[in-house]
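Please open the model in your viewer and keep the selection panel at hand. The tour goes from the whole chain to single elements, then to the empty spaces and to one residue.

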Amino acid sequence: MAMRGDKARNKIKGRIGPALYSVMEPGDDVVAGVLAETGPGPRFDLLAGLASVGLAIVSLYYLSGPGLNRVAGLDLSAVSFIGWLVTALISVARKPVYIAVSQRSLICYRVSRLDHAPVRLLFRAPPGSVRITGSGPGLLRSSVRYSGPGAGEHGLRLTTRRPWRGDLDEVLTTLVLAGAAVDVVSRVAIMPQLPQVPPPTRS
């Protein structure tokens, strides 16, 4: 299972590599990278789940009275639809991005939802202007907030899935070594600064 996850992550890194190097300075190399999503953090998933459970409990309570069983199916279907709608809206609000840290900059690149192919560069920032904050890894997702060029007034929430947790730690470690302000409770270890995404071959 781990080998399959590594293969999938390396495939995504190889796909985004040429786009990253096209916006980097000559001689620069990618040191670390992670697939993430912008938008609502993991807490919204929890709130959506609690809301769905709460609606289901309330519906079952009112449907337990005599003469109401005939509408049970309809009401429970409505509850299920509301839960699905909330989850769908959260999913739409999240945009997939690839965060890369090179020897000279942090790069945020928008990628497609289906195959994670590169779409467009969102921003590039020198490490000295980057600030990352967060509360540490969650059970299924890890979330941090980026503040700096391209993030807007309130910063940019970045959420990663569990298979990418180690890559996120490498990104944070690399940013610390590059002089960025990182205040995240994480299992960050000092990783060797080796390029993760090889430069595109030139024919």
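Of the 203 residues of the protein in this predicted model, 38% count as buried, so a colouring by relative accessible area, with under 20% taken as buried, is a useful view to begin with. With the whole protein still selected, the exposed surface comes to about 11800 Å², and carbon and sulfur atoms supply 62% of that area. If you switch to a cartoon, the secondary structure comes to 4 helices and 8 strands, and the elements, followed from the N terminus on, run α-β-α-α-β-β-β-β-β-β-α-β. Among the contacts in the protein with a separation of 6 or more, 59% are between residues 24 or more positions apart.

Next, select strand 1, residues 30-38, which is mostly covered, since 9 of its 9 residues are buried. Add strand 2, residues 95-102, and you will find that the two strands run antiparallel and are joined by 8 bridges. Then add strand 7, residues 156-161, which also runs antiparallel to strand 1 and is joined to it by 2 bridges. Which residues stand opposite glutamate 37 in these two strands? In strand 2, glutamate 37 stands opposite proline 96, while in strand 7 its bridge partner is threonine 159.

Keep glutamate 37 selected and turn to the second largest pocket, in which about 250 Å³ of space lies. Of the 13 residues that line this pocket, the closest to its centre are Leu35, Glu37, His116, Arg161 and Trp164, and the elements that give two or more residues to the lining are helix 1, residues 2-22, and strand 1. Select helix 1 as well, for the largest share of the lining of the second largest pocket, 4 residues, comes from this helix. Coloured by residue class, the lining of the second largest pocket divides into 7 nonpolar, 2 polar and 4 charged residues.

The next stop is enclosed space. Rolling a probe the size of a water molecule over the atoms shows where empty space is left. A search of the whole structure finds 2 cavities of 30 Å³ or more, and the largest cavity has a volume of about 90 Å³. To centre the view on the largest cavity, select Ile99, Ile132, Val144, Leu158 and Val171, which are the closest to its centre of the 14 residues that line it. Strand 1, strand 6 (141-147), strand 7 and helix 4 (165-178) are the elements that give two or more residues to this lining, and helix 4 gives the most, with 4 residues. What are the numbers of nonpolar, polar and charged residues in the lining of the largest cavity? The lining of the largest cavity divides into 13 nonpolar residues, 1 polar residue and no charged residues.

For the last stop, stay on helix 4 and select leucine 175, which has its place in this helix. Is leucine 175 buried or exposed? Leucine 175 has a relative accessible area of 1% and is therefore buried, the cut-off for buried being under 20%. Show its surroundings, and leucine 175 is found to touch Val101, Leu106, Val130, Ile132, Ala180 and Val182, not counting residues up to four places away in sequence. A distance drawn from C-alpha to C-alpha between leucine 175 and valine 130 comes to 8.2 Å, although the two are 45 residues apart in sequence.

Notes:
Residues are numbered from 1 along each chain as its sequence is written. This is a predicted model: local features need pLDDT of at least 70, side-chain atom pairs count only at pLDDT 80 or more; totals for chains, interfaces and linings use all residues. Side-chain values use heavy atoms; hydrogens and water are left out. Buried means under 20% relative accessible area, exposed over 50%, partly exposed in between (1.4 Å probe, protein chains only). Two strands pair if DSSP finds at least two bridges between them. On a 1 Å grid over the protein atoms alone, a cavity is a set of points where a 1.4 Å probe fits but cannot get out, and a pocket is an open set with protein on both sides within 12 Å along at least five of seven lines; lining residues have an atom within 4 Å of a point. Grid points are joined across faces, edges and corners, and a volume is the space filled by probe spheres set on the points. Ala, Val, Leu, Ile, Met, Phe, Trp, Tyr, Cys and Pro count as nonpolar, Asp, Glu, Lys and Arg as charged, and the others, Gly among them, as polar. Contact means heavy atoms within 4.5 Å. Accessible areas come from the Shrake-Rupley method with a 1.4 Å probe; for residues, only the protein chains shown count as cover.
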